[in-house]
Structure formats: C-alpha cells, structure tokens
Amino acid sequence: MGVCILEKPRELEWMIGVAQSLNLADAAFLVSKSPNRFDLRCIAGSIEVDLGISATLAAAHVLFDNRFVDAERSIAFYTHGGPVSATVESGIIEVNFPVLPIEPIEPPEEILQAVDPSPQFTGRRGEDYIVQVSSESRLKKIYPDLKLLDALGLHGLTIISEAPKSKEYDIAVRTFQLKPRQGAESAQAAGV
C-alpha cells in the first residue's frame, strides 16, 4: 500500500507507473483542495478503481498520523465513487463510504461455475458483481476462473461472507479487479 500526496493532479498513466514501479497492490494519490479536503484517486494493480477501501483508509492514516490535517475535523475525500469522510478518535480512524445501490440478480452460469455453485446472494452494480457465499472458510477456498468471468464483461468481482461469531469483524471480503471501466483512461477525479 502506498500513499502519494501530490502538489497538482497527474495523469492516470503516471500514477499507474508509480504504483507498478514500487510494486504496490494498492495506491492512493491525493491532491489537497483546501484544509481537510482532498481529491483521491485509487490505483489497484494496473487500473484505477472508483473507490478503494484500503487506499482510502491508508490515506486517512497518513494524513492524521503525520498531522497534515486538523484531527479535530473530518477529512473529506472526493473520489470517482462519491464523497468519503474520515474521522479519528482515540487513535481509531472511522471512514464513512457512500452507499452504492446493488441490483439483486439471478447468478449467471459463469458465476456459478467460476465462483460458487450455490451463492446466497448475487448482485450487480454497473460492471461490478457482488456474490455472498455461505462461510468465511468457503470464501478463502475460492479462486475464481477469471477467464470464464471475462465473458461477462466484468470490471470487478467482490465475494463476501459472514464472519464466524468468534471473530472481531462482521464480514470477510475478497475483491478481484478484472479490467478497467469503459473510459477510465480519461476519467478525472471528482472535483479536479
């Protein structure tokens, strides 16, 4: 994970090049708009994602821990996926992500073959699919056939499960970014 605070916006190819040259799975690129307000672009591997959860949390951590922002106020991030806010209290960072509507769908045959033959839920949001499976142990064993999923024209696939009651978290998540969104190469961060 990497966080890069920029003086001005940079082109997508440059950001991807930086992330790849440092061998980063995820990277956050920030440009300050005003105190505690930042444009945030997230790179996952070789593509830009609308909203990177890990990248957003890392960006908030860097800004709060290095006192680049007023910790008494929330940070506002402007992303392709919508506005995100982050606060810190007693050293714990809380990030509020936008609610993204997901349309429940019947799982396509490719999902049944590549992910799980009997998912508990399958939904779609644009070019992204979300699949809920029966358990965290099942989730950990899934290695989707990405070539098979490519036939669906997916951008990303998120697979989730409830966590066992003994865990300190509610859900477990695995995300697979399959390809860039249409027109992502020329997209600009919200507010840039």
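What share of the contacts in the protein with a separation of 6 or more comes from residues 24 or more positions apart? The figure is 55%. Keep in mind as you look around that this is a predicted model.

Let's start with the overall build. Five helices and 12 strands make up the secondary structure of the protein. Its radius of gyration is 18 Å, close to the 16 Å that the globule rule gives for 192 residues, so the protein is as compact as a globular protein of that length. If you lay the C-alpha trace along its principal axes, you get a span of about 50 × 40 × 30 Å.

Now for inside and outside. Out of the 192 residues, 38% count as buried. The accessible surface adds up to about 10800 Å², and carbon and sulfur atoms hold 51% of that. As for charge, you'll find 26 negative side chains and 18 positive ones. The centres of those two sets sit 2 Å apart.

To finish, zoom in on a single residue, D65. You'll find D65 in helix 2, which covers residues 53-65. Is D65 buried, exposed or somewhere in between? Its relative accessibility is 46%, and because partly exposed covers the range between 20% and 50%, D65 counts as partly exposed. D65 also gives you a handy pair to check in the viewer: its C-alpha atom and that of G91 are separated by 8.9 Å, with the two residues 26 positions apart along the chain.

Definitions and conventions
Residues are numbered from 1 along each chain as its sequence is written. This is a predicted model: local features need pLDDT of at least 70, side-chain atom pairs count only at pLDDT 80 or more; totals for chains, interfaces and linings use all residues. Side-chain values use heavy atoms; hydrogens and water are left out. Helices (H or I, at least four residues) and strands (E, at least two) are DSSP runs, numbered from the N terminus. Buried means under 20% relative accessible area, exposed over 50%, partly exposed in between (1.4 Å probe, protein chains only). The radius of gyration is taken over C-alpha atoms; the globule rule is 2.2 Å times the number of residues to the power 0.38. Contact means heavy atoms within 4.5 Å. Accessible areas come from the Shrake-Rupley method with a 1.4 Å probe; for residues, only the protein chains shown count as cover. Lys and Arg count as positive and Asp and Glu as negative; His and the chain ends are not counted. The place of a charge is taken as NZ of Lys, CZ of Arg, CG of Asp or CD of Glu.
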